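Biologist: Could you take me through one part of this model up close? I'd like to see how one helix sits against the rest, and I'm new to this, so please explain the terms as you go.

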Amino acid sequence: VLRQLRDYWAAEMAKGVPLPLMTRHVLGLCQGLRGARRFRQQLSDAPRLRQEGLALIDRVLEEWALPGK
């Protein structure tokens, strides 16, 4: 799901939509899972999202990558 959203976010950013406005909708996606707090912290840090953009998203995806998926 996150990889598909990353592609969607890239397309929307090209239209001028700020990344923090889109990522806030997935903050509860990993609720109850180990590391969920870090996931929320990374995706809710608006200044970092504005500065790093999709590079930050890519790092979050790497951290959440599961073997075989």
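Modeller: Here is a close look at helix α3 and what surrounds it.

First, some ground rules: this is a predicted model, so local features need pLDDT of at least 70 and side-chain atom pairs count only at pLDDT 80 or more, while totals for chains, interfaces and linings use all residues. Residues are numbered from 1 along each chain as its sequence is written, and side-chain values use heavy atoms, with hydrogens and water left out.

Helices here are DSSP runs (H or I, at least four residues), numbered from the N terminus, and α3 covers 36-43. Its buried residues are A36, F39, Q42 and L43. They span an arc of only 125° around the axis, so they sit on the same side of α3. That arc is taken from the directions from the helix axis to the C-beta atoms. "Buried" means under 20% relative accessible area, "exposed" over 50%, and "partly exposed" in between (1.4 Å probe, protein chains only).

What do those buried residues pack against? The answer is α1, α2, α4 (46-52) and α5. Two of them, F39 and L43, also turn up among the residues that touch the most other members of the largest nonpolar core, which has 15 residues. Such a core is a set of buried Ala, Val, Leu, Ile, Met, Phe, Trp, Tyr and Cys residues joined through side-chain atoms within 4.5 Å. α5 (54-63) gives the most to this core, with five residues.

Now zoom in on Q42. At 4% relative accessibility, Q42 counts as buried. Skipping neighbours within four places in sequence, Q42 is in contact (heavy atoms within 4.5 Å) with L49, L56, V60 and E63. With E63, the Q42 side chain makes a side-chain polar contact at 3.3 Å. A polar contact is a pair of N or O atoms within 3.5 Å; within protein, one must be able to donate a hydrogen and the other to accept it, and residues adjacent in sequence count only if both atoms are side-chain atoms.

E63 has another link to α3: its side chain meets that of R38 in a salt bridge (3.1 Å, N to O). This pair ties together distant parts of the chain, with E63 in helix α5 and R38 in helix α3, 25 residues apart. A salt bridge needs a side-chain nitrogen of Lys or Arg within 4 Å of a carboxyl oxygen of Asp or Glu. Unlike buried Q42, E63 is partly exposed at 43% relative accessibility, and R38 is partly exposed at 45%.

Definitions and conventions. Helices (H or I, at least four residues) and strands (E, at least two) are DSSP runs, numbered from the N terminus.
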